[in-house]
Amino acid sequence: MNSYHVFLVNENRPPGSFELLVQMYSCIVHKTHNADTPLYLITDKKSKEFYDSWNITPLYDGVITDYFDDYPYDKVSPNFWASPKIWAMSKLKTPFVVYDTDLVLYKNLKKESVGCDLLYLHRESPTTYGNPLDIEHSDNWKWDKKRIISFKDSFPMNCAVVGIFDEKFKTEYVTQYFEFVLGASGEVKNMTKEKELLYAESSPQIIMEQWFLAALSKQLKKIKTKALVPVVYTNQSFYTFDLDSESEDAHKLLNQSIYHLWGAKKFENDPKSKMYIKSKMDIVNALPIITSSPYNRLLIDKASYLISKLL
């Protein structure tokens with residue numbers, strides 16, 4: 001089994017200090033907790049040049065740059081911004097795990113994936129996702145009773161970590177995802193002020209990436225699923241699968257399993273925000289991950305420069 005980071009650099013908004021430093025940490029920590037699972041970067045040639053300039057590509061066991069040579073850029077709406085990750089999955093053979101570049105993983109993926117067909121980070125309440133039927137989709141997609149019921153009967157799976165170990169299920173997932181997405185605007189139909197309060201900004205993407213993943217696994221029934229961290233995220237907090245327990249237990253489980261930037265990258269230009277202050281402290285305090293690693297000489301100048309931009 002291999003693991004992968006998938007990222008295409010947006011020239012209008014390239015990764016900032018937060019993201020680049022956490023990506024460095026992610027690669028180094030992977031070699032500690034997952035030395036038995038190679039980590040590859042899937043990107044395009046121009047993005048590779050960007051990562052080369054930050055000395056990040058040598059942290060990987062390999063870099064793949066040809067998966068996006070036939071990517072249908074003109075048919076994918078910005079509302080489906082994580083589509084490159086699903087496209088990469090369509091090219092990969094199972095078993096594999098894909099996880100976000102802004103996530104540091106403290107668990108062993110091979111051990112966690114034993115006995116399941118689908119591994120995901122955690123569950124989420126669908127409350128802020130909105131109504132899947134409201135999202136403008138391709139003409140190739142048809143809502144039928146089975147699809148609708150599978151959404152009703154499932155809780156979305158956060159895909160910051162997703163491992164797929166069943167080739168047939170992977171093919172179904174990526175095929176149906178692009179059946180919905182290609183040529184679709186991804187806009188919310190008849191948007192109102194009330195809907196704006198309900199829908200997350202990322203609703204089109206998370207509905208078809210995260211909620212559909214859960215719905216499809218529910219629809220196919222024989223797929224065995226597992227949460228890397230057995231918690232549920234609501235609009236405000238995390239809870240263990242026992243929703244009556246204190247959310248502190250859920251945060252403890254998360255902190256023992258991962259470090260994730262979550263939405264902190266959106267606050268990198270807002271140094272007075274609580275999210276910025278906390279994330280800066282976390283990231284600066286984690287610098288020993290680099291200084292105590294074999295990659296210190298390769299990364300220390302780059303990392304010190306990125307940290308100087310935060311201070």
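Which residue's side chain does E19 join through a polar contact of 3.1 Å? Select E19 and R13 to see the answer: the side chains of these two make that 3.1 Å polar contact. Before you go on, keep in mind that this is a predicted model.

**Stop 1: E19 and what surrounds it**

Stay on E19 and show helix α1, residues 17-33, which is where E19 sits. Is E19 buried or exposed? Its relative accessible area is 7%, and buried means under 20%, so E19 counts as buried. Now bring up the residues that E19 touches, leaving out those up to four places away in sequence: F7, R13, L261, K265 and E268. R13 turns up in that list too, as the partner in the polar contact you started with.

**Stop 2: K309**

Next, jump to K309, in the segment after α12 (296-308). Add G16 to your selection and check the C-alpha atoms: they are separated by 9.7 Å, although K309 and G16 lie 293 residues apart along the chain. Which residues does K309 contact, once its neighbours within four places in sequence are set aside? Pick S17 and Y276 and you have them.

**Stop 3: the sheet, from edge to edge**

Switch to a cartoon view and find the open sheet of seven strands. Walk across in the order β3-β2-β1-β4-β8-β6-β9, and note that the pairing is mixed. At the edges stand β3 (62-64) and β9 (225-227); each has a single partner strand, so one side of each is left without a neighbour in the sheet. On average, neighbouring strands here are turned by 20° against each other, direction ignored.

Zoom in on the β3 edge. Strand β2, residues 39-42, pairs with β3 in the parallel sense over three bridges. To see this at residue level, select L41 and look across to V63 in β3, which stands opposite.

**Stop 4: strand β8 and its two partners**

Now move along the sheet to β8, residues 161-164. Both faces of this strand are covered. Colour V161 and G163 for one side, then V162 and I164 for the other; all of these are buried.

Which way does β4 run against β8, parallel or antiparallel? Show residues 96-99 and you'll find β4 paired with β8 in the antiparallel sense, over four bridges. Y99 is a good residue to pick there, with V161 of β8 opposite. Then show β6, residues 118-120, which is also antiparallel to β8, over three bridges. For this pair, select Y120, whose bridge partner in β8 is V162.

**Stop 5: helix α3**

Select residues 83-91 for helix α3, a mostly covered helix with seven of its nine residues buried. The buried ones to highlight are S83, P84, K85, I86, W87, A88 and M89. What lies over them? Add strands β1 (2-6), β2, β4 and β8, then helices α6 (167-181) and α8: these are among the elements covering the buried residues of α3.

**Stop 6: where α5 meets α8**

Keep α8 on screen (residues 203-220) and add α5 (residues 145-152); their axes come within 8 Å and cross at roughly 105°. That makes α5 roughly perpendicular to α8. For the contact itself, show K146, R147, S150 and F151 on the α5 side, and I207, W211, F212, A215, K218 and Q219 on the α8 side. Colour them by type and you get five nonpolar, two polar and three charged residues.

Definitions and conventions:
Residues numbered from 1 in each chain as written. Predicted model: local features only at pLDDT ≥ 70, side-chain atom pairs only at ≥ 80, totals over all residues. Heavy atoms only, no water. Axes fitted to C-alpha atoms, helices over the stretch in contact; angles between N-to-C directions. Helix = DSSP H or I, 4+ residues; strand = E, 2+ residues; numbered from the N terminus. Parallel < 35°, antiparallel > 145°, perpendicular 65-115°, else oblique. Contact = heavy atoms within 4.5 Å. Nonpolar A, V, L, I, M, F, W, Y, C, P; charged D, E, K, R; others polar. Pairing = 2+ DSSP bridges. Buried < 20%, exposed > 50% of the residue type's maximum accessible area, 1.4 Å probe, protein only. Polar contact = N/O pair within 3.5 Å; in protein donor to acceptor, adjacent residues only side chain to side chain.
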